[in-house]
Amino acid sequence: MKQRLFLAGATGSIGQSALDILRNMSDKFQLVGFSAHRNLLIAKKIINEFKPEFAIFTHEETYKQIKREKYSDTKLLFGIKEACKIIQNENIDIVLNSIVGGAGLIITHYAVENVKRLALANKESLVIAGDIIIKKAKENECEILPVDSEHNAVFQALSGETNEKIRKIWLTASGGPFLHTKKEDFCKITLSQALKHPNWDMGSKITIDSATMMNKGLEVIEAHHLFEVGYEKIYVVIHPESVIHSMVEFVDGNFIAQLGKTDMRGPIQYSLTYPERERSVNHDFDLFEISKYHLIRPDFERFPCLLLAYKAGRSGLLSCNILNAANEAAVYLFLNKKIHFTSIPKIVSDMLEKSDLRCPTNIDEIIAIHDEIKKKAIEHGEKEYSW
Ligand SMILES: NC(=O)c1ccc[n+]([C@@H]2O[C@H](COP(=O)([O-])OP(=O)(O)OC[C@H]3O[C@@H](n4cnc5c(N)ncnc54)[C@H](OP(=O)(O)O)[C@@H]3O)[C@@H](O)[C@H]2O)c1
C-alpha cells in the first residue's frame with residue numbers, strides 16, 4: 001500500500017527535491033496534500049502533475065488568485081490551520097515539513113501529535129520549541145527523521161547505537177562563500193555575493209544563514225534536541241568540499257561518518273524510506289572527483305553567529321526563540337538591502353541582550369513571542385542599522 005504524504009512548503013527548494021523523489025517512487029508514496037505560500041506558478045504545476053486531494057495556500061493574495069481556477073481533483077483551501085486539519089483527519093502516514101522559518105512550527109507540532117513519521121527539514125521549529133516537540137513526539141510515538149543533511153548523516157552513523165556511547169557529534173560546515181574572507185573585508189560583502197553558496201543550491205534564507213554560519217548554529221541546537229546530547233559534545237568542523245555530511249565520534253575512539261553527493265534528494269529520500277534503502281535518482285557520486293578533503297577549525301570571531309547560537313542554546317528556550325526570531329528579522333532586512341551583512345549578528349546580539357520577556361511554556365506562547373520578537377527586531381534593525 002502507498003504511504004500517504006503531506007508536503008508542507010512544496011514550492012521551495014526542499015519541496016521541489018522531495019517532489020522529484022515522489023516522481024521516482026510513485027508506487028510507494030501518494031501526495032495527499034501540500035502547502036504553498038506565494039509561489040502560484042509552481043503550486044499550479046504541482047496540482048496539475050500530482051493531482052493531490054488538497055492544496056493549501058498560506059498567503060491570502062495567492063489563495064485569492066488561485067481560487068478563480070477550477071481543479072476537479074484538488075480542493076483548494078486557505079490557511080495553515082487547514083493544513084493542520086488535514087494532518088489530523090486524513091490518515092496521513094508521513095508529513096514532510098519543508099516550510100522555512102518559525103512559520104513551520106505549527107506543522108511540526110501537528111505532525112508529532114498526529115502522524116507516525118515527521119520528515120523534518122524545518123530546523124527552526126526544533127530551535128524554538130525543541131523540548132516540547134521532542135517530548136510530544138515521544139508521547140505519541142512519532143519518529144522524527146531529520147532531513148538536514150548533517151543530522152541525517154548523524155542519524156545514519158548512530159544506527160544501532162545508543163546516545164550515551166557518543167563522545168562527540170561533529171557537524172560539518174562548508175564554511176560558505178566567505179570562508180577565506182578577511183575580517184576587515186566583511187563590511188564590503190554584498191547581497192549577491194552572500195547569495196552565492198559554493199556547494200548547495202538552496203532557498204534564500206538558509207543561503208544567507210550559511211554565509212553568516214548562523215545555519216550551523218541553528219543546526220547545533222537542532223542536534224542537541226534530536227540526539228539528546230549536551231552542547232559540550234556538539235562540535236562544528238569546516239569541510240569546504242561538503243562530501244562528509246557529518247560524523248559521530250564514539251567513546252571507544254571510533255568515528256563513523258556519512259559521505260555522499262551534495263544533493264538534498266539523498267537525505268530527503270532516506271527520511272521517507274527509512275529503514276529501507278531504495279535506489280535513488282542521485283546515486284552517481286564519484287569519490288575520485290574531489291582529490292583532497294579538508295577539515296578546518298571554525299573561526300568564531302569572523303562568524304559570531306555561531307557563537308551566539310551556542311550561547312543561546314546553553315541558555316535555553318527563550319534565548320533560542322530570540323536568536324531565531326532576531327535572525328529571521330535581520331536576514332529579512334539584509335535580503336531587502338536595508339542593512340549590511342555585518343549588521344546581522346549585531347541585531348541578533350542586541351536582541352538577546354535587551355529582551356525582558358518571560359519564557360514561553362507552550363506552542364501558542366512560543367508562536368506569539370516569536371512573532372513579537374521578530375517585529376521588534378525589524379524595528380530595531382531599521383532604526384539602528386539602516387544604511
Ligand atoms: N534548501 C536546502 O538545501 C536545505 C537543506 C537543509 C535544511 N533546509 C531547511 O528546510 C527549510 C526549507 O528551506 P528551503 O531552502 O527549501 O526554503 P525555500 O526554498 O525558501 O522554501 C520555503 C518554503 O516555505 C514556504 N513558506 C515561506 N514562508 C512561509 C510562511 N510564512 N508560511 C508558510 N509557508 C511559507 C514557501 O512557499 P512559497 O515558495 O510558495 O512562497 C516554500 O514552499 C528551512 O528550514 C531550511 O533551513 C533546507
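Analyst: A polar contact is a pair of N or O atoms within 3.5 Å. The model discussed here is predicted.

User: What makes the approach of histidine 37 to the ligand a polar contact?

Analyst: A backbone N or O atom of histidine 37 is 2.8 Å from an oxygen atom of the ligand. That value is within 3.5 Å, so the pair counts as a polar contact. His37 is also listed with Thr11, Asn39, Glu124 and Gly203 as the nearest of the 24 residues around the ligand.

User: How do you know whether valine 100 makes a polar contact with the ligand or not?

Analyst: From a backbone N or O atom of valine 100 to a ligand oxygen atom the distance is 3.3 Å. This is within 3.5 Å, so the pair qualifies. For alanine 121, a backbone N or O atom lies 3.4 Å from an oxygen atom of the ligand, and this pair therefore qualifies under the 3.5 Å limit.

User: Why is H13 called oblique to H15?

Analyst: Helix H13 (residues 317-335) and helix H15 (residues 363-385) pack at about 45 degrees, with axes 8 Å apart. That angle makes the pair oblique, because 45 degrees is not under 35, not over 145 and not from 65 to 115. The H13 and H15 crossing is right-handed.

User: Which residues meet there, and what is their character?

Analyst: H13 contributes residues including Leu317, Ile322, Ala325, Glu328 and Tyr332, and H15 contributes residues including Ile366, His370, Ile373, Lys374 and Glu382. The contact residues comprise 13 nonpolar, four polar and three charged.

User: Why is H6 called roughly parallel to H10?

Analyst: The axes of helix H6 (residues 123-139) and helix H10 (residues 214-227) cross at roughly 20 degrees and come within 8 Å. This makes H6 roughly parallel to H10, because 20 degrees is under the 35 degrees cut-off. The crossing of H6 and H10 is left-handed. Among the residues in contact are Lys123, Leu126 and Asp131 of H6 and Leu218, Glu222 and His225 of H10. The contact of H6 with H10 divides into six nonpolar, three polar and four charged residues.

User: Is the peptide bond from tyrosine 274 to proline 275 cis or trans?

Analyst: The bond is cis, with omega near 5 degrees. Proline 275 sits in the loop between helix H11 (265-273) and helix H12 (304-315).

User: What is the phi of lysine 51, and where does lysine 51 lie?

Analyst: Its phi is near 45 degrees, a positive value in a residue other than glycine. Lysine 51 is in the loop between helix H2 (40-50) and strand E3 (54-57). Most residues other than glycine have a negative phi, and most peptide bonds are trans.

Definitions and conventions
Residues are numbered from 1 along each chain as its sequence is written. This is a predicted model: local features need pLDDT of at least 70, side-chain atom pairs count only at pLDDT 80 or more; totals for chains, interfaces and linings use all residues. Side-chain values use heavy atoms; hydrogens and water are left out. Axes are lines fitted to C-alpha atoms, for helices over the stretch in contact, and angles run from 0 to 180 degrees between N-to-C directions. Helices (H or I, at least four residues) and strands (E, at least two) are DSSP runs, numbered from the N terminus. A crossing is left-handed if the near helix is turned anticlockwise from the far one by less than a right angle, and right-handed if clockwise. Contact means heavy atoms within 4.5 Å. Ala, Val, Leu, Ile, Met, Phe, Trp, Tyr, Cys and Pro count as nonpolar, Asp, Glu, Lys and Arg as charged, and the others, Gly among them, as polar. A residue is near a molecule or strand if one of its heavy atoms lies within 4 Å of it. A polar contact is a pair of N or O atoms within 3.5 Å; within protein, one must be able to donate a hydrogen and the other to accept it, and residues adjacent in sequence count only if both atoms are side-chain atoms.
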